[in-house]
Structures are given as C-alpha cells and as structure tokens.
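Visitor: I am new to this structure and would like a close look at a single part of it. Please pick one helix, go through it slowly, and then place it among its surroundings.

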Amino acid sequence: MDTKIGSIDTCKPTNSDMCSPANGAVSTIQNSVSPAVINSTESTLGRHLARRLVQIGITDVFSVPGDFNLTLLDHLIAEPGLNLIGCCNELNAGYAADGYARCRGVGACVVTFTVGGLSVLNAIAGACSENLPVICIVGGPNSNDYGTNRILHHTIGLPDFSQELRCFQTVTCFQAVVNNLEDAHELIDTAISTALKESKPVYLSISCNLPAIPHPTFSRDPVPFSLSPRLSNKLGLEAAVEAAADFLNKAVKPVLVGGPKLRVAQACDSFVELADASGYALAVMPSAKGLVPEFHPHFIGTYWGAVSTAFCAEIVESADAYLFAGPIFNDYSSVGYSLLLKKEKAIIVQPDRVVIANGPAFGCIRMKDFLLSLAKRIKANTTAYENYRRIFVPEGHPLKSEPKEPLRVNVLFQHIQKLLSSETAVIAETGDSWFNCQKLKLPRGCGYEFQMQYGSIGWSVGATLGYAQAVPEKRVIACIGDGSFQVYNQESCDMNSSILISNS
C-alpha cells in the first residue's frame, strides 16, 4: 500500500529552507490504495509498527540491538521504507532521534529492556524539554514472564518489571506496555498519535515474543487516521487581539522578541508576518536562535540581558511595550533572573494563552491565530528600530594572527562564519559553544539547533547524526563544546570523511 502523510499547519525554522520540522503538527494519513488483506506472515505487530512509522514520515530509526528487541528489529529492517541505523549506545540513539525530530517533525529510537531504557532516558528527557515528538520503543520482557516473580537479566535484580516504566512516566506524555496482542494495535496507534498531538516523547514497550506472531487485528494495512487540529476560541481570540492591538498601538517604541516555543506552536512564519506588518524592532531570545530570521530588515540581535548582542538590550529594555512570543524565562535565558523587564509593559504569548501586562489573560488561543490576527490590526511603528540604527556601531574585525601565534576563538569563529550558507546547518553543544555560536550571523536557509533548556553535555554528537540523516542536502557543522567543529559529509554520515578544526 502506498501511503503518504500530509502535515497541516507545519512550522519550520525561518532560517532553514531545506529542513521543515513539524513539531506538534496535525498530521493526516491518507490511503492512495484501498486496504487489502495481506498474508499472515505480514499480519504481525512488528509489521504494523514499521508501516506506522513510515506513514508518519519516519525513514530512519536509531537503534541499539539487544536480546529483548531483536525480533522487532528484524521486522523494522524488513520494511522497505525504513533505514535502521545502529548506534554505539542508547544515549546517542536517543540524541540522534532528537536531532532527527527537529528536522522531520518526529523521530524514533529502539532500545532493549531496562539497561537500554534507562540509558536512553536522559535523551528522552531532553526531547521532552524541547517539545520534540520522539517515539521511544523498548523491547520488553516476554509476555509469559509477567506475574511470575522471575528475575530477568538487564535489570537491577528484582522481579519488578515496572522500574523502567515509572522512570519514563515523568518525561513522556504517554506510556504503553504492550504485553498481549488483543490491544496492541490500539496502544501503538494511541502512542504515535499522542506524540504528534502533544509534541512530546512517548514510551512504547513491546514484549519480545510478540512482534512476529500473526494476529487478526493486523490482517489489513493500518486504518488511516487523522488528528483533529486544535482551534482557538473565536470570542476569546477577538478579545485578546483587540486588547493587544490597543495596548501596542498606544506605545511609542514597541518591540518584538521571539522565544523557543515558536517551534512547538508552529508560529514561526506568523511571527515574521507580524514583524513585517508592525515594523517593530525584532529580537530573539538565545534559546530561540534559528527560529527567527536574522536576515530580517528589522532584526536587532539576541536579547539576553547583560550578555545580549551589542545594543539589543538597550532597545528592548527601554521600550514602553514588548511582545514576547513563546518565551521561557529560566535562569539561563534570564541571566540569573536579572532581565530589566516590567510586567506592565509586556504581552506574553504562549502556544495556547495570551497575557497582556497586568491586565487580562486569555486562554484557548493558538499562538499562530493570535499573531496573524494581530498583524491585521497593528499600526506600523519603526521608532524602536530607528533608535537602534541611530546607536548601532558595527563590530570590529579580529586582528590578524601572527605566525605560530595560538589560534584565538574570535579568529576561529571568523572562519566558521565564512562556512555558513543556505546549504549548511549548525549544531551547537552545551557550554562554550552556546555563547560563541550565538555570535554567528545565520544567512537565509542556514539551520541552527542547540539544547539550551536541558543542556545535556554530549547531545550534539548524536543530534548531528540524526539531523544529518534527516536533511542530507545540508552540510552539518557540529560545534562540540570546546570550540571544536566537526563538518559532516551527509551523503555517508561518515566521521572519517569529516574535517576537524579545534582551538583546544
């Protein structure tokens, strides 16, 4: 059966023309051929799961084989539309699924019971913090072992099969333990659809003896399903837009600031439309770099309190009104909660809620709908951007290095800047790379990803593999923490064909 997935209201980072993540996108799976009865060798759980992954747009699955998932992996390998990528360990498989989901809108990894599940747990927690739909599939115990009080290998030596599940309950939006075939079809489909609807990871444990057993519920191709889109409350939307427009149109020098939840709200393009219509100075929070176009004519830089790019903080903090779209004000992004902002001047727009200054809060409102409607009601005001241009002083160029002089970071990044184009993407590791990569100016079409909320050391290594698999058209430049850069050949994702530049 030929199937295709159509994504409604997908949101892609403005700086990436090639990579189109659809985190939380509403997806409709359609049939191009009427379902037909298939033979019993294909009427299996493993076959069903493989086809579902292909239907939602996954072509690469990252895995670490183990005796609890070997049969399931055989079925995934047998699916022509899937490419199974073996990873050196479960943590990197999870990181790779994270990087893949950033570009494809959904990712998947397959590991083994407990020893693999607890290893991948940290990567799934990071994906949860970034609102990425990652389907974490675990090969579970034999269904006949449940309730026997047996002790299994790869566990901590207790006859308790729920340890792994309990750990995943805090970092996933849905958990399913499939240990019988009667409800396997429903649990698998519910897990996948929930990941797409909530734009969060899900946990799916499948008993190791079930993937190859034929069952009537899998005798036909998967029934097409669609996810109903979330809708704004019309009256609430009208009231919120009216209040916001009145608030902003009275301001003398308002500004716009983009935040990291623009991605999950699928509102990147809507935010740009508001910027175009308003003429406001446009800034980005550090955790949203790559989601707001730095080539926009009114872009003024990164707002990061005392460590903002030159002259950006002066414009934002002196504004008499600012609209933050999808912000996360944690201790990182607020520089220890030291931002000089006032609540009475702010409109905070979250994926499903709008709060205007000290006044009303409006719920059940999609960010995309709000921004698009506000763009039609706003009056153009370029005062803040004109003030920025008035005080702006171009950055100087690093001094030339003398022969045999140690390589300076600013010189290294000058070379890296010259590598960037619409055909490249940057993956920035936690630590020094965060700060140095923030200074890069992303050209049109250049991708950029990092993990600021969770900040897991080593994330960039696996994420680079996943991102590169998701968008082979791009050269992915990985900044791996100490100022080192790895440039990957996407055609093979072969680390031996990479170029390493390091200042360490």
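Guide: What follows is a close look at helix α4, and then at other helices and loops of the protein. The model is a predicted one.

Some background on the whole comes first. The protein has 504 residues, and 55% of them are buried. Its secondary structure comes to 14 helices and 20 strands. Of the contacts between residues at least 6 apart in sequence, 71% join residues at least 24 apart.

Now to the helix itself. α4 runs over residues 117-129, which is 13 residues. How far apart should its ends be? At 1.5 Å a residue the expected span is 18 Å, and the end C-alpha atoms are indeed 18 Å apart, so the two values agree. The helix does bend, by about 25°, and the bend is at Ala123.

Ala123 is also one of the buried residues of α4. The others on that list are Gly117, Val120, Leu121, Ile124, Ala125, Gly126, Ala127 and Cys128. A general point helps in reading such a list: an α-helix has 3.6 residues a turn, so residues three or four places apart point the same way.

What do the buried residues of α4 pack against? Two of the partners are helices, α3 (90-104) and α5 (163-168). The other two are strands, β5 (107-112) and β6 (134-140).

After α4 comes Asn131, with a positive phi near 55°. As a general matter, most residues other than glycine have a negative phi. Ser199 is another case, not a glycine and yet with a positive phi of about 55°. Ser199 sits in the loop between α6 (184-198) and β8 (202-207). With a relative accessibility of 1%, Ser199 counts as buried, because the limit for that is under 20%. Tyr337 also has a positive phi without being a glycine, in this case near 60°. The loop that holds Tyr337 lies between β12 (322-325) and β13 (346-350). Tyr337 has a relative accessibility of 59% and counts as exposed, because that word is used for values over 50%.

One of the partners of α4, helix α3, can be followed further. Arg102 belongs to α3. Its relative accessible area is 1%, so Arg102 is buried. In sequence Arg102 and Leu132 are 30 residues apart, while their C-alpha atoms are 6.9 Å apart in space.

α3 also meets helix α14 (residues 459-470), where the two axes come within 6 Å and cross at roughly 45°. That angle makes α3 oblique to α14. On the α3 side the contact is made by Asn92, Tyr95, Ala96, Asp98, Gly99, Tyr100, Arg102, Cys103 and Arg104. On the α14 side it is made by Trp459, Gly462, Ala463, Leu465, Gly466, Tyr467, Gln469 and Ala470. Arg102, described above as buried, is thus among the residues of α3 in this contact. The crossing of α3 and α14 is right-handed.

Two further helix pairs can be described in the same terms. Two packed helices are described by the angle between their axes and the distance between the axes.

Helix α1 (residues 45-55) and helix α2 (residues 70-78) have axes that come within 8 Å and cross at roughly 50°. α1 and α2 are therefore oblique to each other. In this contact α1 supplies Gly46, Arg47, Leu49, Ala50 and Leu53, and α2 supplies Leu72, His75 and Leu76. α1 passes α2 in a right-handed crossing.

For helix α7 (residues 234-249) and helix α10 (residues 367-377), the axes come within 9 Å and cross at roughly 50°. That makes α7 oblique to α10. From α7, the residues in contact are Leu237, Ala240, Val241, Glu242, Ala244, Ala245, Leu248 and Asn249. They meet Asp369, Phe370, Ser373, Leu374 and Arg377 in α10. This crossing of α7 and α10 is right-handed.

A last stop is a loop residue, Lys439, between α13 (432-438) and β17 (447-450). Is Lys439 buried or exposed? Its relative accessible area is 59%, and Lys439 is exposed. Lys439 and Ser308 are 131 residues apart in sequence, and the distance between their C-alpha atoms is 9.8 Å.

To return to the start, α4 is a helix with a bend of about 25° at Ala123, and its buried residues pack against α3, β5, β6 and α5.

Conventions:
Residues are numbered from 1 along each chain as its sequence is written. This is a predicted model: local features need pLDDT of at least 70, side-chain atom pairs count only at pLDDT 80 or more; totals for chains, interfaces and linings use all residues. Side-chain values use heavy atoms; hydrogens and water are left out. Helices (H or I, at least four residues) and strands (E, at least two) are DSSP runs, numbered from the N terminus. The expected span of a helix is 1.5 Å times one less than its number of residues. The bend at a residue is the angle between axes fitted to the seven residues ending there and the seven starting there. Buried means under 20% relative accessible area, exposed over 50%, partly exposed in between (1.4 Å probe, protein chains only). Contact means heavy atoms within 4.5 Å. Axes are lines fitted to C-alpha atoms, for helices over the stretch in contact, and angles run from 0 to 180 degrees between N-to-C directions. Angles under 35 degrees count as roughly parallel, over 145 as roughly antiparallel, 65 to 115 as roughly perpendicular and the rest as oblique. A crossing is left-handed if the near helix is turned anticlockwise from the far one by less than a right angle, and right-handed if clockwise.
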